[in-house]
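Open the model in your viewer and keep the selection tool handy. We will go from stop to stop, and at each one you will hear what to pick and what is there.

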Protein chains: 2
Amino acid sequence: MIDIKKIEELSKLIRYYILIATTRAGSGHLTSSLSAVELMATLFFGGFFRYRPGEPKYHNNDRLIFSKGHASPLLYSLWAAADMISEEELLTLRKFNSRLEGHPTLKFPYAEAATGSLGQGLPIGIGMALNAKYIDKLPYNTFVLLGDSEMTEGSQWEAIQIAAHYKLNNLIGIIDVNGLGQRGETLYGHDISAYEQRIYSFGWEVITTDGYDIKEITSSYKRALLVKDRPVMIIAKTTKGKGISFLEDKNGWHGKVLSEEQKNLALIEFGEINKNIRGKIRKPKAVDLTMEKIEVNEIPIGNENISTRKVYGISLVNIFSEFPNIVVLDAEVSNSTFAEIFKEKIPSRFFEMYIAEQNMAGAAIGLSLRGKIPFVSSFAAFLTRAFDQIRMSQYSNTNIKFVGSHAGVSIGEDGASQMGLEDIAMFRTLLNCTVLYPSDGVSTFKLVKKAAEHYGNVYIRTTRMDTPGIYSGKEDFVIGGSKMLRSSKNDIATVISAGITLHEALKAYEELKIEGVLIRVIDLYSIKPIDKETVNQAARETKSIITVEDHFAEGGLGEAVLSALDTQCFFKILAVRKMPMSGKPFELLDYEEISKDSIIMQVKNLLS
Amino acid sequence: MIDIKKIEELSKLIRYYILIATTRAGSGHLTSSLSAVELMATLFFGGFFRYRPGEPKYHNNDRLIFSKGHASPLLYSLWAAADMISEEELLTLRKFNSRLEGHPTLKFPYAEAATGSLGQGLPIGIGMALNAKYIDKLPYNTFVLLGDSEMTEGSQWEAIQIAAHYKLNNLIGIIDVNGLGQRGETLYGHDISAYEQRIYSFGWEVITTDGYDIKEITSSYKRALLVKDRPVMIIAKTTKGKGISFLEDKNGWHGKVLSEEQKNLALIEFGEINKNIRGKIRKPKAVDLTMEKIEVNEIPIGNENISTRKVYGISLVNIFSEFPNIVVLDAEVSNSTFAEIFKEKIPSRFFEMYIAEQNMAGAAIGLSLRGKIPFVSSFAAFLTRAFDQIRMSQYSNTNIKFVGSHAGVSIGEDGASQMGLEDIAMFRTLLNCTVLYPSDGVSTFKLVKKAAEHYGNVYIRTTRMDTPGIYSGKEDFVIGGSKMLRSSKNDIATVISAGITLHEALKAYEELKIEGVLIRVIDLYSIKPIDKETVNQAARETKSIITVEDHFAEGGLGEAVLSALDTQCFFKILAVRKMPMSGKPFELLDYEEISKDSIIMQVKNLLS
């Protein structure tokens with residue numbers, strides 16, 4: 001039996017907390033937080049949300065994601081009402097070094113993910129729900145609090161399609177339809193049926209409710225938890241600024257807080273608040289977390305002509321026994337990225353994410369936060385579709401391995417739209433993201449393994465065409481390392497490269513050698529972090545560095561080397577500088593002046 | 001009266017063309033092209049598509065966008081059947097320097113936009129339809145050929161929402177539901193009603209049709225063109241590989257072509273083909289293009305403490321008379337980006353694009369291709385949401401001005417999710433994209449104007465907080481220029497910066513001067529292209545360069561300067577290197593070591 005009166009009192013307390021926290025902070029999203037109080041209070045304290053407050057990491061806790069991250073004051077206030085945060089700490093909202101940041105981050109122990117860039121909560125929720133239903137096979141639910149404005153984000157509709165496809169009945173969204181966006185009415189205002197029809201048409205269970213009638217909210221959650229075969233969306237009609245009369249449903253208050261005087265007026269409206277009550281959260285069932293053991297036969301990797309993209313697929317299979325937490329996601333190109341090799345051998349750990357890269361990246365965040373190691377692939381070019389999600393993943397300190405195939409102009413005839421030419425630059429911008437670019441079978445396998453061992457985001461760039469083997473199976477590869485493939489005391493220059501252009505550099509080496517010209521060749525398989533020592537030594541000893549990459553000139557391998565140099569030397573970046581187009585791979589490498597012949601010419605220029 | 005027999009014959013011819021072109025090319029998307037032949041042939045030659053073939057740029061031509069860009073062989077073959085491309089040229093498909101690239105580019109005179117990254121066609125179509133309905137006020141229609149697989153892309157659902165909102169009845173999508181994606185069945189297979197229900201729920205007119213019954217297709221187009229108040233989606237049940245028995249509805253043929261032997265088998269199946277017939281395309285109505293003259297009163301710009309984001313908004317108004325082709329788009333943050341200032345003064349040229357950045361960027365591509373100058377704004381951080389669309393815009397050689405506000409950690413308390421820290425790196429990767437970062441009111445106004453004058457993509461980074469005026473109104477600013485703000489014969493170092501950190505550098509200058517230490521200070525308001533001359537002169541004369549940016553270290557202002565240097569000197573990049581968080585702006589600048597004090601310390605280190 002739900003204690004409606006208690007929830008109403010707790011809601012008052014939560015409103016009080018939101019008010020004092022934001023007023024003290026001098027900024028924050030007051031009205032956006034106020035509108036969803038009863039929805040969250042009923043969830044938390046009505047027995048629908050199950051959690052061990054002392055153990056945020058408990059594997060069978062329900063999950064709550066604030067997709068409308070700007071309602072963070074509500075999140076923090078909820079947990080204060082649950083007696084896990086003090087009123088004093090609430091007053092540190094938005095202060096430097098506070099656990100209570102402007103939008104939730106993992107500094108706050110009860111934030112499931114860093115949010116604040118809208119439209120990302122449902123995808124993250126998908127990752128957690130997929131994990132619960134299909135991998136860990138645990139009964140926890142994932143709740144996602146959504147704003148109405150953010151429902152225009154395409155990523156939400158990707159999630160809505162995918163969640164229905166995977167029958168994620170353990171995913172419950174709650175849309176706070178307060179009708180007002182940042183600068184005026186939202187697309188549908190308070191037209192609840194607009195949301196209802198649309199989401200229903202995608203195969204979700206849809207439940208509508210008033211946002212403040214606790215009895216109605218209670219039956220909504222009850223009903224939601226009975227659904228067995230489809231995800232659930234609770235759509236609540238709410239009022240922005242609810243609870244403070246001069247704010248309710250008024251435009252112009254988004255992101256604004258009250259002055260001391262206004263706060264006092266609001267407090268008068270609130271009347272007496274029982275600051276001593278606290279809410280109890282229902283405990284989750286105690287269940288063991290058992291990993292299903294999956295037997296896997298390794299696949300032999302040839303090192304003769306084979307593409308690194310194919311070795312990637314094989315490597316996933318071969319390392320799985322050592323890393324049974326691996327989950328593989330792909331965006332309908334698994335026959336191109338070769339994630340399909342893993343899909344064939346270990347289908348229960350592969351999830352087709354369809355042509356919806358944003359949702360795929362968000363799901364990877366969710367899976368990573370639930371302790372899995374997601375390997376996420378598509379064409380390198382199409383990973384740019386998910387840059388905002390990839391950007392946000394760094395703020396959740398995730399352990400995602402992004403893999404982009406079809407790098408560069410060397411993919412050939414498909415042309416520019418399919419060519420990854422900015423992916424190295426994109427991933428380099430992420431704090432603490434490792435960027436790897438292996439050039440043959442052996443190094444690909446070993447670096448995929450290193451990526452799995454390493455905690456943190458990793459990007460691996462793979463090549464479309466078959467390339468020759470370079471390394472023997474005995475060679476070792478380390479994050480932050482490089483390989484000096486050719487060197488002598490008489491090198492007149494160093495060519496630093498990776499991937500397809502490394503092979504061009506090796507071919508150039510052979511031709512130059514015949515003419516008596518020696519160059520050093522370095523395989524920079526780890527672009528970030530970079531082997532500063534080897535690169536500077538090469539600068540000191542050979543006085544000239546030429547970098548070559550099948551990638552645009554800005555932010556890529558060349559600029560990474562340049563930034564690492566603290567030695568004076570001649571420096572030249574060979575990269576894609578002309579409009580890319582269809583053509584044969586080697587025609588395009590020549591056209592873009594990143595081929596064997598271009599390298600030879602650059603080296604010879606140094607001699608004249 | 002439609003000549004069904006003629007369309008059937010033309011369809012045969014088109015199939016023949018697709019077959020020979022892809023077989024000769026040795027690659028290409030044969031089956032994806034074959035499935036939509038009748039749909040396109042009926043559109044083109046049934047009198048529904050109106051176009052002056054000799055004048056691709058005619059302002060009242062209907063527009064056809066191949067969102068499923070990989071069906072380019074169909075696009076090219078259609079125009080061959082319309083007698084504008086020769087059979088001989090068809091055989092150059094995918095060859096280096098051919099006009100007929102793997103995915104359509106503007107090299108092909110009848111491609112409306114470069115496509116190939118899925119899910120982008122409908123947004124581009126929105127831009128063109130908005131232009132026709134609300135700006136140029138012309139009666140042309142925009143047709144978009146869509147694949148079924150790509151309907152999972154969130155960007156399509158952003159477009160579907162926005163198109164309904166703007167009542168774009170002049171936008172007609174045609175989904176080729178062939179049920180097979182790249183590696184197997186699509187999400188809904190051949191369940192036409194799945195698409196029907198979903199799209200209908202968003203307020204579109206939905207018409208279903210068989211993909212090969214020309215009579216039915218004809219009535220579908222007839223009906224589509226009668227709709228007055230909502231966009232139209234024709235959903236066609238088709239067969240991948242239609243027309244070649246051994247390919248029809250078979251998985252595994254995506255992106256594959258036939259061998260010579262297989263081609264001959266197919267030709268036998270085709271039977272006799274009349275290669276002499278050509279189709280006629282109906283002419284559009286001859287209408288004048290008249291620009292509605294909009295009178296605008298300029299807004300005086302103060303140069304004392306004012307934010308560059310606010311000056312951006314004012315500048316849009318003030319330059320409009322000189323650039324009446326300007327159209328402004330914003331993603332529901334116009335009160336933050338200050339695009340709202342333009343919205344208030346010139347509402348007919350402002351389009352709210354809601355929280356759907358991918359569609360906004362796609363619409364900008366469409367508007368640019370129809371001769372408008374789109375100024376497109378959101379928080380710099382949220383422009384990363386649209387990186388794939390931004391990437392693709394360069395291949396359409398667009399003239400879009402992207403404007404990202406709330407740059408850097410200096411936005412303060414909102415925290416990391418809202419901070420643009422990778423935007424300079426992102427836009428630098430685009431070929432021929434200008435990257436500008438003005439630091440005060442005068443330079444912002446002049447550079448916004450320069451951006452409008454300049455043909456090509458431009459990115460302008462704006463600051464949240466108010467900053468002091470630096471320049472007098474007499475100063476001039478050029479793309480590729482810089483300003484040497486402080487200099488002497490005794491500068492011991494040069495500090496190069498822009499935006500908020502430029503102001504820190506100027507403050508550092510004053511404090512150092514008091515201590516008798518002189519530094520050069522350069523405002524690098526044009527990061528790309530960069531003023532190589534001034535930067536190298538500073539390196540030569542002062543021997544040390546310190547760059548400072550409120551941006552991550554990779555790919556930003558620092559690496560841009562480093563890449564431009566061909567002079568030996570000491571070099572240091574100050575940038576955001578630590579996990580960003582909530583806090584006061586100046587607290588965060590200090591924490592990230594990009595503040596006045598950090599600059600002073602770096603300079604003093606040089607002295608020791």
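Start by selecting the residues where chain A and chain B meet: across this interface of the predicted model, 52 residue pairs are in polar contact, both partners having pLDDT 80 or more. Now colour helix α16 of chain A, residues 387-395. With 7 residues, this helix gives the largest share of the side of chain A that touches chain B. If you colour that whole side by residue class, you will find 31 nonpolar, 37 polar and 27 charged residues.

Next, pick out the salt bridges between the two chains; there are 10. For a good example, show Arg385(B) and Asp388(A) as sticks: they form a salt bridge whose closest N and O atoms are 2.8 Å apart.

Zoom out to take in the whole contact. On chain A, 95 residues are in contact with 95 residues of chain B. How much area do chain A and chain B bury between them? The value is about 7,900 Å², with 51% of it on carbon and sulfur atoms. Select Phe96(A), Arg183(A) and Arg385(A) next: these supply 11% of the area that chain A buries against chain B, more than any other three residues.

Stay on chain A and colour it by domain. Use 4-270 for domain 1, 306-467 for domain 2 and 483-607 for domain 3. Between the C-alpha centres of domain 1 and domain 3 of chain A, the distance is 52 Å.

Now move to chain B and select helix α20, residues 532-542. Which residues of this helix are buried? They are Thr534(B), Val535(B), Asn536(B), Ala538(B), Ala539(B) and Thr542(B). To see what these buried residues pack against, add strands β13 (494-497), β14 (520-523) and β16 (544-552), together with helix α21 (557-564), in chain B. Just past the end of α20(B), click on Lys543(B), which has a positive phi of about 65 degrees.

For the last stop, find Met291(B) in the loop between α10 (260-270) and α11 (308-319) of chain B. Why is Met291(B) classed as partly exposed? Its relative accessible area is 33%, and the class covers values between the 20% limit for buried and the 50% limit for exposed. Show its neighbours too: leaving aside residues up to four places away in sequence, Met291(B) touches Asp136(B), Pro324(B), Asn325(B) and Arg349(B). Finally, draw a distance from Met291(B) to Asn131(B): they are 160 residues apart along the chain, while their C-alpha atoms are separated by 12 Å.

Notes
Residues are numbered from 1 along each chain as its sequence is written. Chains are lettered from A and ligands numbered from 1 in the order in which they are written. This is a predicted model: local features need pLDDT of at least 70, side-chain atom pairs count only at pLDDT 80 or more; totals for chains, interfaces and linings use all residues. Side-chain values use heavy atoms; hydrogens and water are left out. Contact means heavy atoms within 4.5 Å. Buried area is the accessible area (1.4 Å probe) that two parts lose on being put together, summed over both. A salt bridge is a side-chain nitrogen of Lys or Arg within 4 Å of a carboxyl oxygen of Asp or Glu. A polar contact is a pair of N or O atoms within 3.5 Å; within protein, one must be able to donate a hydrogen and the other to accept it, and residues adjacent in sequence count only if both atoms are side-chain atoms. Helices (H or I, at least four residues) and strands (E, at least two) are DSSP runs, numbered from the N terminus. Ala, Val, Leu, Ile, Met, Phe, Trp, Tyr, Cys and Pro count as nonpolar, Asp, Glu, Lys and Arg as charged, and the others, Gly among them, as polar. Domain bounds come from an automatic or database domain assignment. Buried means under 20% relative accessible area, exposed over 50%, partly exposed in between (1.4 Å probe, protein chains only).
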